Amino acid sequence: MICKHCHNTLPDDSAFCQFCGKAIEISCEPPAAPTPAPTSVSAPKPTYAPPPAPAPAVKTVYCRLCGHPIDSETKQCTGCGKQYFRGIRPMTFLCIVMGLAILALAVTCLVMDYQYREQIDALQELLSYYRV
């Protein structure tokens with residue numbers, strides 16, 4: 001039984017509370033859930049520990065052809081065996097190299113045109129003289 005005044009636990013045959021001295025009223029209702037009694041001795045407070053650092057998330061990549069996971073070290077599909085490249089894809093690399101070659105050719109043509117402009121003008125003048 002629990003005292004309604006001080007909420008301490010009492011023997012079932014008690015007429016008075018041995019802690020607060022109040023008379024115990026007996027009712028036919030079932031007792032309420034016990035609430036923790038206040039204590040004079042405080043419990044030790046838990047020490048704060050920072051949460052552990054989250055582990056770095058490993059992103060699982062799946063094969064475009066079969067849907068199986070791709071091994072992160074070998075970059076190869078575990079299902080169909082397709083090799084995924086680590087760096088630049090071969091077609092991308094080829095496009096970059098071709099673009100640089102075209103750029104180098106254009107720069108070379110501009111430089112040669114600038115260097116030989118006087119000679120080209122002289123040849124055009126000579127040709128125009130004989131076309132008369």
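This text walks through the structure above, from its overall build to some individual residues. The model is predicted.

Start with the whole chain. The protein has 132 residues, and 8% of them count as buried. It has two helices and zero strands. Its accessible surface comes to about 12,200 Å². Carbon and sulfur atoms account for 64% of that surface. Now look at how the chain meets itself. Take the contacts with a separation of 6 or more. Residues 24 or more positions apart make up 6% of them.

Next, find the helices. Helix α1 covers residues 90-115. Helix α2 covers residues 117-130. The segment before α1 holds several residues that we will visit, including I24, H7 and K75.

Go to that segment now. Which residues make up the largest nonpolar core? They are C3, C6, L10, C17 and I24, five residues in all. I24 is a good place to stand. Its relative accessible area is 15%. The cut-off for buried is under 20%, so I24 counts as buried. Look at what surrounds this side of the chain. Leaving out residues up to four places away in sequence, I24 touches M1, C3, L10, S14, A15, F16 and C17. Among these contacts are C3, L10 and C17, and those three also belong to the core. S14 is on the contact list too. I24 and S14 are ten residues apart along the chain, and their C-alpha atoms are separated by 7.3 Å.

C6 is another core member. Which residues does C6 touch, again leaving out those up to four places away? The answer is C17, F19 and C20. C17 is therefore on the contact list of C6 as well as that of I24, and C17 sits in the core.

Stay in the segment before α1 for two backbone details. H7 lies in this segment. Its phi is near 65 degrees, a positive value in a residue other than glycine. H7 is partly exposed, with a relative accessible area of 39%. K75 is found in the segment before α1 as well. K75 is not a glycine either, yet its phi is positive, at about 55 degrees. At 29% relative accessibility, K75 counts as partly exposed.

Move on to the surface. I88, F93, I96, V97, L100, L103, V107 and V111 form a nonpolar patch there. Together they have about 730 Å² of accessible area. Pick out L103, one of the patch residues. L103 is placed in helix α1. Is L103 buried or exposed? Its relative accessible area is 52%. The cut-off for exposed is over 50%, so L103 counts as exposed.

Now turn to charge. The structure holds two salt bridges. R117 takes part in one with D113, and the side chains meet at 2.8 Å, N to O. R117 also forms a salt bridge with D121. There the closest N and O atoms are 3.8 Å apart. The cut-off for a salt bridge is within 4 Å, so the pair of R117 and D121 counts. D113, R117 and D121 are thus linked in a network of salt bridges.

Where do R117 and D121 lie? Both are in helix α2, four residues apart, about one turn of the helix. How open are the members of this network? R117 is partly exposed, with a relative accessible area of 35%. D113 is partly exposed too, at 31%. D121 has 37% relative accessibility and counts as partly exposed.

Last come the rings. A pair of aromatic rings is described by the distance of the centres and the angle of the planes. A search of the whole structure finds one aromatic pair. Y129 and Y130 form this pair. Their ring centres are 5.4 Å apart, and the planes stand at 75 degrees. Planes over 60 degrees apart count as edge-to-face, so that is the label for Y129 and Y130. Y129 is exposed, with a relative accessible area of 60%. Y130 counts as exposed as well, at 64% relative accessibility.

Technical notes: Residues are numbered from 1 along each chain as its sequence is written. This is a predicted model: local features need pLDDT of at least 70, side-chain atom pairs count only at pLDDT 80 or more; totals for chains, interfaces and linings use all residues. Side-chain values use heavy atoms; hydrogens and water are left out. Patches are made of residues with over 30% relative accessible area and no salt bridge: like charges are joined within 9 Å, nonpolar side chains (Val, Leu, Ile, Met, Phe, Trp, Tyr) within 5 Å. Accessible areas come from the Shrake-Rupley method with a 1.4 Å probe; for residues, only the protein chains shown count as cover. Buried means under 20% relative accessible area, exposed over 50%, partly exposed in between (1.4 Å probe, protein chains only). A nonpolar core is a set of buried Ala, Val, Leu, Ile, Met, Phe, Trp, Tyr and Cys residues joined through side-chain atoms within 4.5 Å. Contact means heavy atoms within 4.5 Å. Rings of Phe, Tyr and Trp (its six-membered ring) pair if their centres lie within 6.5 Å; planes under 30 degrees apart count as stacked, over 60 as edge-to-face and the rest as tilted.
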